[in-house]
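Work through the exercises below with the model open. Each task is followed by its solution in steps.

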Amino acid sequence: MTEQTILGGLDPDLIDRVVTRRDALRQTGQRAGLLALASMPVAFGLMAKKAFAQGGLPADIADVLNFALTLEYLESEFYMLGLAPGAVDVGVARPIFDQISLHEAAHVLLLQQILGPLAILKPTFDFTAGGAFNDVFSNATTFITLAQAFEDTGVRAYKGQAPFVQSQAEVLTTALRIHSVEARHAAAVRRLAQSPGVKGWITGNDSAPVALQPSYLGEEITTQLGIDLLAFGTAAAASEAFDEPLTREEVDAIVAPFIVPEPPPA
Amino acid sequence: MIDRLTTGLRELDFLARLARATSRRTFLQWSGVSIAVATVGCGDDNPDPTDPTDTPVSPGNSTANVPGTAGTNVPVEITVQARAADDTNLNTGGDTVVATLTGANAGQTIRVEDRANGRYVFTYTPTVEGTDTLNITINGSPIAGSPFTVTVGAGPAQLGSGDIGVLNYAYALEQLEAAFYTAVVGAFYVGVTAEEQQVFTDIRDHEIIHREFLKAALGDQAIPALQVDFVGVDFTSRDSVLNTAITFEDLGVSAYNGAGFLIDSPDFLTVAGKIVSVEARHAAVLRDIQSPNTAAFAGDDTVDPASGLDVFRIPTQVLPLADPFIVTAIDASQLPTT
């Protein structure tokens, strides 16, 4: 059942190769396996398969991945709706958003594959946040403002979770590889939000609308590991040079207005 | 002095006998001088005249391939070839061959191996720059060319092991990036726009902060400043500068992505995460400057469209790509691999 879920859509020959390779990798060690499989997209299905074969993803790891999946569901649906025919006109930036939308959909699929039956279902979203952003899917400025906040929050969220998946090399590396893609998105969208668009990095704690300010609180720090960065550059540069993590609780609070609470069971 | 020498020689003799009794090799440190002795039982210091293969050694005809120069933290290997009076190579071992190291690296351990084929291999690893002197004797008499002089210069930058090694690895890459953007900003290509000047200046400032932060975090375990060489980069050409910048940023992103799992400390992992997303922002902005309003900022050449995953590279994949730009040799052999 698990195998069907993860590898069901793949070419049988490919599955055969993957499974054979997995068995070989067991003997050479988990992390060596990660490296050997680095360039194989199917590695992630394999990873999940291996984890299940060993008794399932650890509950705490699955929990972190479901947290990530929630954010990817949010981003993916946001772009899908915003880029739908008749929705937001993003003008010449359309190829940028199409690429972002493609990646977010791929992230959803990837995390679903890794989680297998443990994957949570997509929540119901309200991108107006209860009316705060009523023109989100008709006004390009609002759309881009929210896109920037979602991407920057995504970067901070993945960063904050890295230490919690450190015990699983494959999961950590996968998360890092998503994290840097979110950062690329964030930089490109940030330039679209400026006129003229220059900086792709966060200066201080930004100057977002009040409703989005929690996405940037803490970004202004100029000390890392107790080392004062002001000895090496300006406060602006020191804050730009390091992106700060958010805790899961902080991220949950940021996205809560965009998620429709589940009705209580009848 | 004579007393000390006598004591030393007695000690040597004892060790030689000990070596015969126990193993084929021994080495010792002796008040700032290092000595290695190779000897075994039934040695040629007591040739058996009835054995036709047991040709007596002639120290004055025996040779050693001592390198004239060496680098710090790189093992020096010296092979002594025992020869007979007629210059023919001996093909049996068992002579008492002694190497004594004095000078800058006196006190470093010398290891010795009697290959039992007429060759004796000594190794030591100098740690400081300067001049070393090696006296090599067989059965108490100096071999041809002894004493030898080894001039020790700066060896490769040793990244080190564990988290320190990974941080030094990042420090090396940040040094490269900071040097590159310093050169770019120092003399912009003709036709540079205000936007491009701002972007390159910002990135230079970020990379300098990354570099100095890592240097401070590493403290006395930081590798030295690396000598870089951007030969092949035309700093007067927008294309050349942008292409190189994008190459460095994408390489940096992939390097951090592929080094995370090598880090033990959660704090260091988080700091690496704080840096890598900024490198990814740099890459995206530079790519967007090169190909505005296209998918290039996160192009399919770096983000696999099927999985939405960015490239990652392990250190052995990254360093050869950085190598053309770094003059100083880097020793990454102690980096963790898991």
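**Exercise 1: the contact between the chains**

Task: find how many residues each chain gives to the contact, and which helices of chain A take part.

Solution. Step 1: chain A contributes 56 residues to the contact and chain B contributes 50 residues, where two residues are in contact if their C-beta atoms, placed from the backbone, lie within 7 Å. This is a predicted model, in which local features need pLDDT of at least 70, side-chain atom pairs count only at pLDDT 80 or more, and totals for chains, interfaces and linings use all residues. Residues are numbered from 1 along each chain as its sequence is written, and chains are lettered from A and ligands numbered from 1 in the order in which they are written.

Step 2: on the side of chain A that touches chain B, at least two residues each come from α3 (30-36), α6 (94-115), α7 (140-161), α8 (169-192) and α9 (235-240). Helices are DSSP runs (H or I, at least four residues), and strands likewise (E, at least two), numbered from the N terminus.

Step 3: α8(A) gives the most to this side, with 17 residues.

Step 4: by type, this side of chain A holds 35 nonpolar, twelve polar and nine charged residues. Ala, Val, Leu, Ile, Met, Phe, Trp, Tyr, Cys and Pro count as nonpolar, Asp, Glu, Lys and Arg as charged, and the others, Gly among them, as polar.

**Exercise 2: a loop residue**

Task: locate A:A93 and explain why A:A93 counts as buried.

Solution. Step 1: A:A93 sits in the loop between α5 (59-82) and α6 of chain A.

Step 2: A:A93 counts as buried because it has 20 C-beta neighbours inside 10 Å; the cut-offs are 20 or more other C-beta atoms within 10 Å for buried, 12 or fewer for exposed, and partly exposed in between.

Step 3: beyond four places in sequence, A:A93 is in contact with A:L192 and B:N293.

**Exercise 3: the largest nonpolar core**

Task: which residues touch the most other members of the largest nonpolar core?

Solution. Step 1: a nonpolar core is a set of buried Ala, Val, Leu, Ile, Met, Phe, Trp, Tyr and Cys residues joined through C-beta atoms within 7 Å.

Step 2: the largest has 123 residues, and A:L65 and B:A272 touch the most other members. Helix α2 (residues 162-186) of chain B gives the most to this core, with 14 residues.

Step 3: leaving aside neighbours within four places in sequence, A:L65 is in contact with A:L111, A:I114 and A:L115.
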